[in-house]
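This briefing is meant to be read beside the sequence and the coordinates, and it takes a sheet and a helix in turn.

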Amino acid sequence: MTVALPASTPASFEIKSANLPLVALLLKSTDLAALSRDLTLRFGDIPDFFDNDPLVIDLSPLASDNTAIDFAALVALIRPYRVAPIAARGGSPAQMAAAAAAGLVAAPDARVHVPPSQPAPPSAQKPEPPPAEAPPPGALIIDKPLRSGQQVYARGRDLVVLAMVNPGAEVIADGHIHVYAPLRGKAMAGARGNADARIFSLCLEPELLSIAGIYRTSDVPLPDGMWGQATQVRLVAGPGGDKLVMESIKA
């Protein structure tokens with residue numbers, strides 16, 4: 001039996017299609033204790049890294065793993081980092097059923113961006129061409145020295161610092177970081193996974209350097225001739241994994 005619905009538009013609502021920007025948690029282990037430790041190391045000192053971003057849990061690396069996932073505990077673990085877990089994708093039927101029982105919707109069509117330096121998960125299909133995006137905002141410019149305990153985060157753009165970054169200060173950017181002065185604190189570029197981001201400083205004396213989550217602390221001495229010099233830092237992929245490479249900036 002076919003029923004014809006009236007063609008008039010309801011006065012109280014309309015249904016429209018919508019696109020929602022998401023961040024993805026690519027889950028590589030079912031060990032939630034290890035995940036908690038790694039999240040604390042990565043984001044524990046950056047309380048404003050996320051801004052209540054909707055999040056999809058990507059289970060592609062675990063699709064062949066029969067280990068059960070406690071999604072209720074997983075959601076409780078990641079919520080304090082100011083993300084809103086709403087969906088899951090890529091898991092086995094049992095994993096997706098457990099995710100649904102925890103209130104996560106299935107999002108098989110969600111596309112997860114994988115940086116060029118990282119191989120795509122085996123189950124990932126060829127992505128469709130991305131839609132044209134608006135040009136990124138201009139760089140965030142800081143023209144005053146940053147003292148110990150201060151933190152600056154350039155969300156979605158580059159960061160330019162025209163004064164000293166003192167020990168104990170932190171500069172973070174989703175893009176590049178330029179410090180036209182001594183860099184003596186922590187610098188984290190490509191904070192959301194941009195492996196092409198770089199760090200530039202006219203005087204490199206850092207406590208920590210990080211690009212796309214690959215980091216080097218002051219416990220590891222800089223290469224010969226780099227300390228206190230004008231230097232750029234970039235991420236290079238290699239057979240043993242990604243590593244930070246430092247090169248002098250020639251005048």
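In this predicted model, 5 strands form an open sheet of mixed pairing, arranged in the order β6-β8-β10-β12-β13. The two edges of that sheet are strand β6 (151–154) and strand β13 (214–217), each of which pairs on one side only. On average, neighbouring strands of the sheet are turned by 5° against each other when direction is ignored.

**Pairing inside the sheet**

- Strand β10 (residues 186–189) and strand β12 (residues 208–211) run parallel and are joined by 4 bridges.
- Within this pairing, alanine 189 has isoleucine 211 of β12 as its bridge partner.

**Helix α1: length and start**

- Helix α1 (residues 32–43) has 12 residues, which at 1.5 Å a residue should span 16 Å, and because its end C-alpha atoms are indeed 16 Å apart, the expected and computed spans agree.
- At the start of α1, a side-chain oxygen of aspartate 31 reaches to within 3.1 Å of the backbone nitrogen of alanine 33.

**Helix α1: buried and exposed sides**

- The residues Leu32, Ala34, Leu35, Leu39 and Phe43 of α1 are buried.
- These buried residues cover an arc of only 150° around the helix axis, and therefore they lie on the same side of α1.
- Ala33 and Leu41, by contrast, are exposed and sit on the other side of α1.
- As for what the buried residues of α1 pack against, the partner is helix α2 (71–78).

Terms used. Residues are numbered from 1 along each chain as its sequence is written. This is a predicted model: local features need pLDDT of at least 70, side-chain atom pairs count only at pLDDT 80 or more; totals for chains, interfaces and linings use all residues. Side-chain values use heavy atoms; hydrogens and water are left out. The expected span of a helix is 1.5 Å times one less than its number of residues. Buried means under 20% relative accessible area, exposed over 50%, partly exposed in between (1.4 Å probe, protein chains only). The arc is that of the directions from the helix axis to the C-beta atoms. Contact means heavy atoms within 4.5 Å. A polar contact is a pair of N or O atoms within 3.5 Å; within protein, one must be able to donate a hydrogen and the other to accept it, and residues adjacent in sequence count only if both atoms are side-chain atoms. Two strands pair if DSSP finds at least two bridges between them. Axes are lines fitted to C-alpha atoms, for helices over the stretch in contact, and angles run from 0 to 180 degrees between N-to-C directions.
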